[in-house]
Every structure is written in structure tokens, then in C-alpha cells.
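Colleague: Got a minute to walk me through this one? I'd like the overall picture before we get into side chains.

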Amino acid sequence: MNNKTKKLTVTGMLCALAYVAAAVGRIPLVLFLKYDPKDIIIAISGLIFGPLTSFLIAFIVSLAEMITISENGVIGCFMNIISSCSFACTAAFIYNRKHRLSGAVGGLFCGWSCQVVVMILWNYLITPFYMGYPREAVVELLIPVFLPFNLIKGGLNAAITMLLYKPVVTALRRSHLIENSMPFDRHTPN
């Protein structure tokens, strides 16, 4: 199998896993907001293949969610894409520039921070339209509801991504689906 075919295969597998995580892994976290672990898989894909792969998986999974399991339609799809990309693409972009453990940790921390800031802004701008709340009611929810939700969500995503990245890369390497010399792994102990 050539490298392009392997990359497409792994990307498809990660895309399917991210969708399954979104479909069956939803956990109510803060009031009406639910956490799903799809961003972990999207971030791992970005750490392996770069931020464009994170974007593509976030886009495909969000579209699939919209068609099958989402209750929020097109606006929910855009919110999912923005949320996933602000975390995973930021982490992948920073790690792509600095292929070390410190780059992965810094990228995930920046992705977490970016996701929190972006989602507070997007909730302020978009939530009144898709939930039918007046903007004043949404403003009252920003600090006590949306901020803790996004802090917890981003923190879980970053921590679990750090725990799962090396085992996932090791399994993919043993399956000969990715190259043996992934930069992150040269700088971490076995």
C-alpha cells in the first residue's frame, strides 16, 4: 500500500471513530450542554497528519452529525466545526511548527484556550438565534454555564489526547499504516 492510500485509510478510520465518539459518547455536563470526545480523535489526527486533516475530519464528522443525530441543524453543524477546529487545528498547527513533547503540550494548551475564547464569542453571537433566547439571557449564561462547560471540555480533550496519542501512534505504526519515525515519538521515552 502506498503512503497516500495509507493516509487516506487512517484518516477514514479516525473520521469513523470520531463520529462514533460523537454518537455514543455524549455525556450531559453543564445544564443542557453535552460533552462528546470526538475532538480527542480529531486532535490526534492533526498531531499525526497536520491541521488540514483535523479540519477535514471536523467538517465531515459535523456534517454526518447534522444529518443523523444533531438536534441543532445547520447552526449546530457550524458550531461543531468551529469548536473542533479551534481546539484541534490550533494544537496541530503549533505542534507542526515544533515537533517535540513541549510543542504537543503547548499546542494542546493553546488549542484548549482558543476553544474556550472562540466558543464564548460564538455562543454570544449565535446562541440567541438557534435557541430562541434573547441576547441578554445568553449573556447571563456566558460565565456560569458556557465558560465552565468549555473549560471542562477543553481540559478533558487536551488531557485525554496527551494520554492516547502515543498508544494510537504505536498501534498505527505496528500496523504499518504510518511511518516509523513520527517526530513526537523521537522525543518521548518508550
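Modeller: Sure, we can go from the fold to the charges and then to a few single residues.

Colleague: Is this predicted or what, and which elements does the chain run through from the N terminus on?

Modeller: It's a predicted model. From the N terminus the order is α-β-β-α-α-α-α-α-α, which adds up to seven helices and two strands.

Colleague: And how does the radius of gyration compare with the globule rule?

Modeller: The radius of gyration is 17 Å and the globule rule gives 16 Å for 190 residues, so the chain is as compact as a globular protein of that length. Along the principal axes, the C-alpha atoms fill a box of roughly 55 × 35 × 25 Å.

Colleague: What share of the residues counts as buried?

Modeller: 44% of the 190 residues. As for the surface, the chain exposes about 9700 Å², with 69% of that supplied by carbon and sulfur atoms.

Colleague: What about contacts between residues at least 6 apart: what percentage join residues at least 24 apart?

Modeller: That's 66% of them.

Colleague: OK, switching to charges. How many positive and negative ones are there, and how far apart are their mean positions?

Modeller: There are 15 positive and 8 negative charges, and their mean positions lie 14 Å apart.

Colleague: How many salt bridges does that give you?

Modeller: Three. Arg26, Asp36, Lys38 and Glu65 are linked by salt bridges into a network.

Colleague: Take me through it. What's the N to O distance for Glu65 and Arg26?

Modeller: Their side chains meet at 2.7 Å, N to O. Glu65 belongs to helix α3 (residues 51-68), while Arg26 sits in the loop between α1 (3-24) and β1 (27-30), so this salt bridge ties together parts that are 39 residues apart in sequence.

Colleague: And how covered are those two, buried or exposed?

Modeller: Glu65 is buried, at a relative accessible area of 1%. Arg26 is partly exposed, with 34%.

Colleague: What else does Glu65 pair with?

Modeller: Glu65 also forms a salt bridge with Lys38, where the closest N and O atoms are 3.2 Å apart. That pair links distant parts of the chain too: Lys38 is in helix α2 (residues 38-49) and Glu65 in helix α3, 27 residues apart.

Colleague: Which leaves Lys38 and Asp36. What's the distance there?

Modeller: 3.4 Å, N to O, between the side chains. Both Lys38 and Asp36 are buried; for Lys38 the relative accessible area is 3%.

Colleague: Why would those side chains pair up at all?

Modeller: Side chains of opposite charge can pair when their charged atoms come close.

Colleague: Which residues does Asn80 contact, leaving aside its neighbours within four places in sequence?

Modeller: Lys38, Ser62 and Glu65. Asn80 itself lies in helix α4 (residues 73-97). Its relative accessible area is 19%, and the cut-off for buried is under 20%, so Asn80 counts as buried.

Colleague: Back to helix α2 for a second. Where is Ile44, and what does it touch beyond four places in sequence?

Modeller: Ile44 is in helix α2 and touches Thr161, Leu164, Tyr165 and Val168. With a relative accessible area of 3%, Ile44 is buried.

Colleague: And how far is Ile44 from Arg173 in space?

Modeller: 14 Å, C-alpha to C-alpha, although Ile44 and Arg173 are 129 residues apart in sequence.

Colleague: Last topic, backbone. What's the phi of Leu31?

Modeller: About 50°, so to speak on the positive side, and Leu31 is not a glycine. Most residues other than glycine have a negative phi. Leu31 is in the loop between β1 and β2 (33-35), and it is exposed, with a relative accessible area of 64%.

Colleague: What about His176, what's its phi and where does it sit?

Modeller: Phi of His176 is near 60°, again positive in a residue other than glycine. His176 is in the loop between α6 (135-174) and α7 (183-186).

Colleague: Buried or exposed?

Modeller: His176 is exposed, at 56% relative accessibility.

Methods: Residues are numbered from 1 along each chain as its sequence is written. This is a predicted model: local features need pLDDT of at least 70, side-chain atom pairs count only at pLDDT 80 or more; totals for chains, interfaces and linings use all residues. Side-chain values use heavy atoms; hydrogens and water are left out. The radius of gyration is taken over C-alpha atoms; the globule rule is 2.2 Å times the number of residues to the power 0.38. Buried means under 20% relative accessible area, exposed over 50%, partly exposed in between (1.4 Å probe, protein chains only). Contact means heavy atoms within 4.5 Å. Accessible areas come from the Shrake-Rupley method with a 1.4 Å probe; for residues, only the protein chains shown count as cover. Lys and Arg count as positive and Asp and Glu as negative; His and the chain ends are not counted. The place of a charge is taken as NZ of Lys, CZ of Arg, CG of Asp or CD of Glu. A salt bridge is a side-chain nitrogen of Lys or Arg within 4 Å of a carboxyl oxygen of Asp or Glu.
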